[in-house]
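Biologist: I'd like to learn how to read charged and nonpolar side chains in a model. Could you walk me through it with an example?

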Amino acid sequence: MKKIGIMQPYFFPYLGYYSLIKKTDLFILFDTVQFIRHGWIERNRILKPQDSWQYIAAPLEKFNLGTKIQDVKTRTNEDWQEKIIRQLDHYKKKSPFYHDTLAVIRESLKSEKTSITEINKNILEKTCQYIGLTPKIHIYSEMDLKIEEVTHPGEWALNISKSMGATEYINPTGGVEIFKRKQFDEAGIKLSFMGNNLPPYPQRRPTFENGLSIIDVMMFNSPKDICEMLDNVFFLNE
């Protein structure tokens, strides 16, 4: 069985993104569609020093409306990587895995690429390696894949899956409405929708902040515990 997942390239994404990676045999970063400003591709959330949360972000070069994700670049005239490292400094006092996590983040941000897709791919590969995952991650714009004409949004996943010889396509539960199950059935591809029962974990503060970046998860949990958390999922079609 060849299970495929397709997502836009997110910046240090939340835990559920990694669950999807773990449950698939091939993970494709879909970067040939329009970039939407102020989404998860350029930024994510970590804890603030005292309470609530704050953004960490990759600053982007100016681009026109309609620019594809694959063509969006990060700015090179500022040391934004070190700014992110400084934003993590407050974790040092409370996080049992601070030093291990910081080493992974530094390695993740070492890429000399300016493409946000390439940067996010490197981040995924380095953080997956730390957690203990060995995914096959591909960038769609670099695959030179020949697919059938797409007539509605749900057919991107269908036609890519068909071209790759997939037997199952797994999507987060948030995208149910754009897919036509009959099309997948006719193609002999199982269509699955996966959700997460993401458990709270000790953040060493009174109120738990849910859905933060993988960085926060790594700060407070061992790789073994994170891997176990990734399996805490459910499927709508089962």
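Modeller: We'll go through salt bridges, buried acids and a surface patch, keeping in mind that this is a predicted model.

Biologist: Let's start with the charges. How many salt bridges does a search of the whole structure find?

Modeller: The general idea is a Lys or Arg side-chain nitrogen within 4 Å of an Asp or Glu carboxyl oxygen. Searching the whole structure gives 11 of them. One of these joins aspartate 231 to lysine 22, with the closest N and O atoms 3.0 Å apart.

Biologist: Which parts does that pair tie together?

Modeller: Aspartate 231 sits in the loop between helix H8 (223–230) and S8, while lysine 22 belongs to helix H1 (residues 15–22), so the salt bridge ties together parts 209 residues apart in sequence. There's a bit of a network here too: Lys22, Lys23 and Asp231 are linked by salt bridges.

Biologist: Are those two partners, aspartate 231 and lysine 22, buried or exposed?

Modeller: In between. Partly exposed covers the range from 20% to 50% relative accessible area. Aspartate 231 comes out at 37%, so it is partly exposed, and lysine 22 is partly exposed at 30%.

Biologist: Give me another pair. What does glutamate 148 meet in a salt bridge?

Modeller: Its partner is lysine 162, at 3.0 Å from N to O. That pair links distant parts of the chain: glutamate 148 is in the loop between strand S5 (137–139) and helix H5 (154–164), and lysine 162 is in helix H5, 14 residues apart. Glutamate 148 is partly exposed at 47%, and lysine 162 is partly exposed at 34%.

Biologist: And what is the N to O distance for lysine 92 and aspartate 89?

Modeller: Their closest N and O atoms are 3.6 Å apart, and the pair counts as a salt bridge because the cut-off is 4 Å. Lysine 92 is partly exposed, with a relative accessible area of 46%; aspartate 89, at 40%, is partly exposed as well.

Biologist: Now for acids away from the surface. Which side chain of opposite charge is nearest to glutamate 42?

Modeller: For a buried charge, look for a salt bridge, then for other polar partners. Glutamate 42 is buried yet has no salt bridge; arginine 43, the nearest side chain of opposite charge, is 5.9 Å away. A polar atom of the glutamate 42 side chain does lie 2.6 Å from the backbone nitrogen of histidine 38. As for location, glutamate 42 is in the loop between strand S2 (26–29) and strand S3 (43–47). Beyond its sequence neighbours within four places, its contacts include Phe11, Phe35, Ile56 and Leu60.

Biologist: What about aspartate 216: buried or exposed?

Modeller: Buried, because its relative accessibility is 0%. Aspartate 216 is found in helix H7 (residues 214–220), and its side chain makes a polar contact of 2.5 Å with the side chain of tyrosine 201. Not counting residues up to four places away, aspartate 216 touches Leu47, Tyr91, Tyr201 and Gln203. Sequence distance can mislead you here: arginine 45 is 171 residues away in sequence, yet 8.5 Å away in space, C-alpha to C-alpha.

Biologist: Last one, the surface. Which residues make the nonpolar patch?

Modeller: Val176, Phe234 and Leu236, giving a patch of about 230 Å². Phenylalanine 234 lies in strand S8 (residues 233–235). With a relative accessible area of 33%, phenylalanine 234 is partly exposed, so it clears the 30% that patch residues must exceed.

Conventions
Residues are numbered from 1 along each chain as its sequence is written. This is a predicted model: local features need pLDDT of at least 70, side-chain atom pairs count only at pLDDT 80 or more; totals for chains, interfaces and linings use all residues. Side-chain values use heavy atoms; hydrogens and water are left out. Helices (H or I, at least four residues) and strands (E, at least two) are DSSP runs, numbered from the N terminus. Buried means under 20% relative accessible area, exposed over 50%, partly exposed in between (1.4 Å probe, protein chains only). Contact means heavy atoms within 4.5 Å. A polar contact is a pair of N or O atoms within 3.5 Å; within protein, one must be able to donate a hydrogen and the other to accept it, and residues adjacent in sequence count only if both atoms are side-chain atoms. Patches are made of residues with over 30% relative accessible area and no salt bridge: like charges are joined within 9 Å, nonpolar side chains (Val, Leu, Ile, Met, Phe, Trp, Tyr) within 5 Å. Accessible areas come from the Shrake-Rupley method with a 1.4 Å probe; for residues, only the protein chains shown count as cover. Lys and Arg count as positive and Asp and Glu as negative; His and the chain ends are not counted.
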